[in-house]
Structure formats: structure tokens, C-alpha cells
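Please open the model in a viewer and keep the sequence panel visible. The tour below proceeds by selection, with a short account of what is found at each stop.

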Amino acid sequence: MKEIRKLTLFLGDVAMLYASLALTLVIRYPMADLELHLKNHLYPFSAIFILWLAVFYLSELYQYKNYGSASMLVKRLAGAVFLSGVSSVIIFYLFGNFFELTPKINLLIFSGIFLALDYSLRILIAKAFTAGAAKIMVLGDAPLLKEIEKYLAGNPHAGYQVADTLKNPGENSAETIAREIRDKKISAVIFQPNAKSDFSNLKTIFQLLSAEVDLINAWDFYEMLFEKVPLKDLDENWFIEKISTRRPFYDGLKRIVDILLSLVLGIIFLPFGIIFALGIRITSAGPAIFKQERMGRNSRTFTLYKFRTMRNGDKGPLWTEENDGRITAFGKFLRFTHLDETPQLWNILRGDISFTGPRPERAELAETFRKFPYYDIRHIVKPGLSGWAQINYKPSASLEEAYEKLRYDIYYVKNRSFFLDFVIILKTIRYVFTPHH
């Protein structure tokens with residue numbers, strides 16, 4: 001369901017891009033010359049459209065959670081169109097000889113038309129998602145199921161509608177439930193996590209296999225819906241069944257990419273690194289490089305390197321606080337641009353961390369966080385320069401926020417793949433170049 005929605009939005013964007021180009025040319029040129037101008041514009045704009053679609057993806061315009069309100073949609077869409085338009089102008093003028101085209105007025109008109117058309121289309125698609133929401137039945141009254149029901153009630157654009165709830169499914173016969181499924185045209189049944197240990201409920205659910213309906217454990221449905229794991233509801237059996245500790249091909253190829261990419265980026269950033277080091281030494285006393293013990297794979301500590309952004313020797317809370325007085329003026333610039341992280345390319349080359357993975361915590365904090373259930377699961381994979389938790393949640397400044405990030409980290413450990421790593425890298429680029437809290 002989720003992938004179908006994303007594909008629908010993507011194909012709609014492609015159609016609107018070409019429709020907007022056609023309308024722009026109709027407005028700008030006489031009909032007699034339209035074919036010639038279409039030929040001149042088609043290939044250059046097709047190349048630029050790849051950039052536009054990438055910007056839309058980084059702007060999370062293919063996530064249904066951003067369709068909760070029209071104002072949120074128009075704000076995000078307008079921002080993506082503006083960024084795409086500015087980037088297109090730069091590319092056309094840098095590579096004007098290659099494209100044999102340097103449109104100015106056409107790009108402005110095109111952007112305005114596309115914004116209007118695509119916004120209208122997305123509103124229609126969002127209404128279609130809501131109207132065509134898959135009907136589900138919820139079996140049980142576990143807190144996790146209640147959380148899912150509450151979320152779906154407030155987010156009909158998610159594509160699911162709770163059509164019926166049976167708090168005690170064992171009190172109903174399978175035939176009664178199956179009849180309810182047929183009468184209400186229910187396509188999926190969500191059952192509570194402890195159903196496997198409840199014989200009466202399990203027998204009822206088993207008998208529903210013949211009802212031609214999808215039977216989905218609430219753990220899996222929650223993970224699909226929120227892209228994190230319901231950590232407090234999980235047990236050891238879930239980790240045994242779902243977590244893979246060894247993926248030789250994936251790990252080997254990822255290490256090769258880490259080495260090659262860290263070498264290339266290290267060479268590129270070396271001149272800038274020298275400038276940053278001088279800036280740190282000039283503006284504050286102390287070494288340019290900050291070293292810190294972090295917890296890595298298999299709970300082994302290693303030394304992580306960053307450009308120093310705080311006054312040397314200052315002590316304070318383990319978490320960086322908002323408007324932290326320990327941060328130097330030059331350090332604020334490095335933190336805002338995330339350039340203080342560049343020395344970690346050496347950590348990647350050494351094999352301490354990867355480009356993607358759960359962010360390594362300070363050794364002291366990691367010991368504190370071990371009070372969380374299953375915390376060490378995040379340490380069965382190599383930590384990363386950026387991770388799923390970093391792009392989906394704010395920097396933690398409390399135990400509660402650290403626990404929330406752990407739910408995203410374990411989601412990554414379970415679902416890690418080259419595609420998910422690529423998504424993390426793309427969204428990290430967006431995270432670096434956009435304001436966040």
C-alpha cells in the first residue's frame with residue numbers, strides 16, 4: 001500500500017512536469033513555432049527534471065505523513081519548487097553551451113505553473129488515498145493497538161481505516177469474525193502481539209486464514225506505519241527471529257565503499273581542514289582536534305575525532321544544551337555547517353565507523369543508556385557518521401529522547417540494506433543544508 005502511494009505520487013509529478021513544460025511553451029510561443037521550441041526544450045528540461053524529482057524526494061514529498069494539512073503541503077511543495085528552480089538556473093548557466101539553452105522567463109513561468117498543477121494533483125491524490133483507505137479490523141486491546149488506532153483516526157491520509165475492533169476476539173467464533181470481515185469489506189486484520197501466547201486468540205486467528213484477509217502482527221504493522229520499532233512491546237523471540245547479526249556480502253561491499261569514499265572526500269576536504277584548524281587555534285586556546293571515547297561495534301570503545309567546537313577544558317553536562325555557553329563563535333559555525341564532523345573520515349578509513357549506522361555514543365552515555373531494554377542490539381553493527389535516528393529525530397538531550405532514538409536505531413539494524421543506506425545519505429544531505437531543531 002505504502003509503495004503504491006509513493007509510486008502514484010512520483011508518476012503524478014513526472015506527468016505534471018511535462019504538462020507544465022508544454023503549457024509554458026504554449027504561453028510563450030506562437031503555435032506555428034511550437035514544435036521547434038518543444039524539440040529544443042524537451043531534452044534539456046528532461047535532464048533538469050531528474051534534479052527536481054530528487055529535490056522532491058529529499059523534501060519528503062513522497063511521505064504520506066506530510067499530507068496532514070493543505071498548509072503543510074503547500075509550504076513544503078513551494079520550498080521544493082523554489083530550491084529546484086534556483087538549482088536549475090545555476091545549472092543552465094553553468095552548462096549553457098552543453099544544453100544550448102539558458103531559459104529565464106520560461107523557468108519562472110514553468111515553476112509557477114508546476115506549483116499550481118502539482119499542488120492541485122496532490123490534493124486530489126490525498127483525497128483519493130483517504131477515500132480509498134484500506135479497511136482493517138483490530139483484534140485485541142493492547143496499548144500498542146490503541147496507539148495505532150488513535151494515529152489512524154487522526155491521519156486518514158495514511159491509507160488505512162479502522163472499520164471494526166474486537167477487544168476479546170476469543171469470545172467470538174471464527175465464523176462470526178469472518179462474516180464481519182466480508183460484510184465490512186475488511187482487507188487486513190491486525191492482531192495484538194501477545195496473541196501467540198494466548199491459545200484461544202491464536203486459534204481464532206488461525207481459523208481466519210480461510211477468510212482471504214491479510215493477518216498482520218501489530219509489531220509489523222507499527223513498524224511499517226512509523227518506520228521505527230515498538231521497543232517496549234518486543235520480547236527476546238522477536239530479536240531472535242528478526243535480527244540478523246551477519247551479512248557477509250553487504251558488510252564486505254559496504255566496507256569497500258567506505259574506504260573509497262572516505263579517501264576521495266578526505267582529499268577534497270584536506271585543504272579546508274587546514275583552514276578550519278587554523279581558525280580554531282586563532283579563536284581559542286587548545287588543540288584543533290577533539291578526541292573522545294565512543295562505543296563501537298560489539299561494545300568496544302574507540303577514539304572518535306572531531307574539530308573542537310568548545311572552549312578547551314570546559315566541563316558541563318554530557319549532552320550539548322541549547323545556546324550552550326561552552327561553544328566558541330567559530331565552533332558555532334562549524335556545528336551549524338556540520339564541518340566539525342569531517343575528521344571522522346579518518347575514523348571511517350580506519351574502520352571504526354561507517355558512513356551509515358547507529359551514531360556512536362560517548363562511552364559514559366552508552367553505559368547510562370544500557371538501562372534501556374535491548375540497548376546493546378545497536379552495537380551488533382558498525383556505528384555510522386549518520387544514521388536512521390539522526391535523520392528522523394532531533395538530537396537527544398534527555399533519557400526519554402535517547403530511548404526514542406533507540407527505536408529508530410533498532411529499526412535500522414533490522415532493515416539495514418544498501419537502499420536504506422542510500423536513503424540515509426540522501427536525507428543527511430538535506431539535513432545538513434536545511435534548518436532543524
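The stops that follow cover salt bridges, aromatic rings, backbone angles, a surface patch and some contacts between separated residues.

This is a predicted model, in which local features need pLDDT of at least 70 and side-chain atom pairs count only at pLDDT 80 or more, while totals for chains, interfaces and linings use all residues. Residues are numbered from 1 along each chain as its sequence is written, and side-chain values use heavy atoms, with hydrogens and water left out.

**Salt bridges**

Select arginine 122 and aspartate 13. Their side chains meet in a salt bridge, 2.5 Å from N to O; the term denotes a side-chain nitrogen of Lys or Arg within 4 Å of a carboxyl oxygen of Asp or Glu. This pair links distant parts of the chain, since arginine 122 lies in helix α5 (residues 105-131) and aspartate 13 in helix α1 (residues 2-28), 109 residues apart. Helices (H or I, at least four residues) and strands (E, at least two) are DSSP runs, numbered from the N terminus. Both arginine 122 and aspartate 13 are buried. Buried means under 20% relative accessible area, exposed means over 50%, and partly exposed lies in between (1.4 Å probe, protein chains only). The structure holds 19 salt bridges.

Next, select arginine 350 and aspartate 352. The closest N and O atoms of this salt bridge are 3.0 Å apart. Aspartate 352 counts as buried because its relative accessibility is 16%, whereas arginine 350, at 41%, is partly exposed.

Proceed to lysine 394 and glutamate 401, whose side chains form a salt bridge of 3.1 Å from N to O. Lysine 394 is partly exposed at 36% relative accessibility, and glutamate 401 is buried at 16%. Elsewhere, Lys306, Asp340, Glu341 and Arg359 are joined into one network by salt bridges that share partners.

**Helix α16**

Select residues 399-415, which make up helix α16. What span should its 17 residues have at 1.5 Å a residue? The expected value is 24 Å, and the end C-alpha atoms are 25 Å apart, which agrees; the expected span is 1.5 Å times one less than the number of residues. Of the 17 residues of α16, 13 are buried, so this helix is largely enclosed by the rest of the structure.

**Aromatic rings**

Display Tyr18, Phe45, Phe49, Trp52, Phe56, Phe92, Phe110 and Phe114 as sticks; ring pairs link these residues into a cluster. Rings of Phe, Tyr and Trp (its six-membered ring) pair if their centres lie within 6.5 Å; planes under 30 degrees apart count as stacked, over 60 as edge-to-face and the rest as tilted. A search of the whole structure finds 27 aromatic pairs.

Within that cluster, centre on phenylalanine 92, which is found in helix α3. Phenylalanine 92 is buried, with 0% relative accessibility. Its C-alpha atom and that of proline 103, 11 residues apart along the chain, are separated by 7.4 Å.

Then select arginine 28 and tyrosine 29. The charged end of arginine 28 sits over the ring of tyrosine 29, 5.7 Å from the ring centre; this requires NZ of Lys or CZ of Arg within 6 Å of the ring centre and within 35 degrees of the ring normal.

**Positive phi angles**

Most residues other than glycine have a negative phi. Glutamate 60, in the loop between α2 (34-58) and α3 (70-94), has a positive phi near 60°. Glutamate 60 is also buried, at 10% relative accessible area. Histidine 338, in the loop between α12 (329-337) and α13 (344-350), has a positive phi near 65°.

**A nonpolar surface patch**

Switch to a surface view and colour Phe249, Leu253, Ile256, Val257, Leu260, Leu261 and Phe418. Together they form a nonpolar patch with about 640 Å² of accessible area. Patches are made of residues with over 30% relative accessible area and no salt bridge, with like charges joined within 9 Å and nonpolar side chains (Val, Leu, Ile, Met, Phe, Trp, Tyr) within 5 Å. Accessible areas come from the Shrake-Rupley method with a 1.4 Å probe; for residues, only the protein chains shown count as cover. Helix α11 (residues 248-283) contributes the largest share, six residues. Leucine 260 lies in helix α11 and is exposed, at 52%.

**Two final distances**

Alanine 142 is located in the loop between β1 (134-139) and α6 (143-154) and is buried, at 14%. The C-alpha atoms of alanine 142 and lysine 167, 25 residues apart along the chain, are separated by 8.5 Å.

Finally, select glutamate 175 in helix α7 (residues 174-183), an exposed residue with 54% relative accessible area. A C-alpha separation of 8.4 Å is found between glutamate 175 and glutamine 207, 32 residues apart along the chain.
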